[in-house]
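Trainee: Could you pick one strand of this model and take me through it slowly, with its partners and whatever packs around it? I'd like one connected story, please.

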Amino acid sequence: MMRSIRFAVVAIALIGLTRWQLAEPFFLVGYSMYPTFRPHEYLIVDKLGARLNGYERGDVVLLAEPGTGVRGLKRIVGLPGERVRVAPRGLAGWANGHFVWRTPPLPLTARAAFRGVRYRHVDLGPDEYFVLGDHWSVSLDSRHFGPVRRDALLGTAWLRLLPRPALRPGEPSP
């Protein structure tokens with residue numbers, strides 16, 4: 001009996017430590033990262049790797065949105081110290097006065113959504129990132145709530161668990 005209790009306590013402690021420091025499950029709701037990720041997908045977020053290696057442009061991160069604390073997935077497009085310009089035709093970034101990146105032109109539906117954008121020109125601070133959802137016309141992201149501080153980034157999307165990927169290209173997931 002005592003051995004079972006000790007085992008249960010150790011198991012619960014290890015699971016808690018793993019979830020708190022190493023990895024965390026996340027259930028995706030909404031279309032902001034469509035088509036990369038779809039609603040109702042179950043992901044594992046790597047917390048440790050991001051803390052050790054930092055974040056790079058293109059990383060898909062779990063974050064707590066500024067102001068609301070709502071958790072969501074977004075893609076990092078602007079890095080600390082860069083200047084980001086949001087325009088109806090797309091986004092562009094500069095670092096140290098040099099052009100460093102540009103998104104493809106926005107689809108017409110995203111251009112119509114541009115009217116609600118609050119942050120059009122942003123100079124990112126030393127610990128700030130500019131994040132976007134992949135589905136620009138429906139995503140609430142840095143265009144709306146501004147830059148995200150590093151401490152609001154909770155980890156990177158690492159593994160998609162459910163639903164299982166399609167067996168053959170073009171075949172729907174089960």
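Mentor: Let's take β3, residues 60-64: 4 of its 5 residues are buried, so the rest of the structure largely encloses this strand. Buried here means under 20% relative accessible area, exposed means over 50%, and partly exposed is in between, using a 1.4 Å probe and protein chains only. Strands are DSSP runs of E with at least two residues, helices are runs of H or I with at least four, and both are numbered from the N terminus. Keep in mind that this is a predicted model, where local features need pLDDT of at least 70 and side-chain atom pairs count only at pLDDT 80 or more, while totals for chains, interfaces and linings use all residues. Residues are numbered from 1 along each chain as its sequence is written, and side-chain values use heavy atoms, with hydrogens and water left out.

For the wider setting, the chain has 4 helices and 11 strands, and 37% of its 174 residues are buried. An open sheet of 7 strands runs in the order β1-β2-β11-β3-β4-β9-β10, with antiparallel pairing. Two strands count as paired if DSSP finds at least two bridges between them. At the edges sit β1 and β10 (148-149), each pairing on one side only. In that order, β3 comes between β11 and β4.

Look at the β4 side to begin with. β3 and β4 run antiparallel and are joined by 5 bridges. Val60 has Arg75 as its bridge partner in β4, and Leu63 has Gly72. The hairpin of these two strands has 6 residues between them, and there Gly67 takes a positive phi near 90 degrees.

Now turn to the other neighbour. β3 pairs with β11 in the antiparallel sense too, over 3 bridges, and Val61 finds its partner there in Thr156. Thr156, which lies in β11, counts as buried at 15% relative accessibility. Its contacts, not counting residues up to four places away in sequence, are Ile44, Val45, Asp46, Ala50, Tyr55, Asp59, Val60 and Val61; contact means heavy atoms within 4.5 Å. Leu154 is in the same strand, β11 (residues 153-162), but Leu154 is partly exposed, with a relative accessible area of 22%. With the same neighbours in sequence left out, Leu154 touches Val45, Lys47, Tyr55, Leu62, Leu63, Ala64 and Arg71. Leu154 also lies 9.9 Å from Gly72, C-alpha to C-alpha, although they are 82 residues apart in sequence. Across the chain, 58% of contacts between residues at least 6 apart in sequence join residues at least 24 apart.

What does β3 pack into? In a regular strand the side chains alternate between the two faces of the sheet. The largest nonpolar core has 12 residues, and Val61 and Leu63 are among them, along with others such as Ala50, Tyr55, Ile76 and Leu153. A nonpolar core is a set of buried Ala, Val, Leu, Ile, Met, Phe, Trp, Tyr and Cys residues joined through side-chain atoms within 4.5 Å. The elements giving two or more residues to this core are β3 and β9 (128-132). Apart from it lies another core, of 10 residues, including Val86, Val122, Leu132 and Trp136. Back in the largest core, Ile76 touches Val61 as well as Tyr55, Tyr129, Val131 and Leu153, among others, again leaving out residues up to four places away in sequence.

One more stop: the largest pocket, with about 210 Å³ of space. It has 16 lining residues, and the closest to its centre are Val29, Gly30, Ser32, Glu65 and Lys74. On a 1 Å grid over the protein atoms alone, a pocket is an open set of points with protein on both sides within 12 Å along at least five of seven lines, whereas a cavity is a set where a 1.4 Å probe fits but cannot get out; lining residues have an atom within 4 Å of a point. Grid points are joined across faces, edges and corners, and the volume is the space filled by probe spheres set on them. The partner of β3 matters to this lining: β4 gives the most, with 4 residues, and both β1 (23-27) and β4 (71-78) supply at least two.
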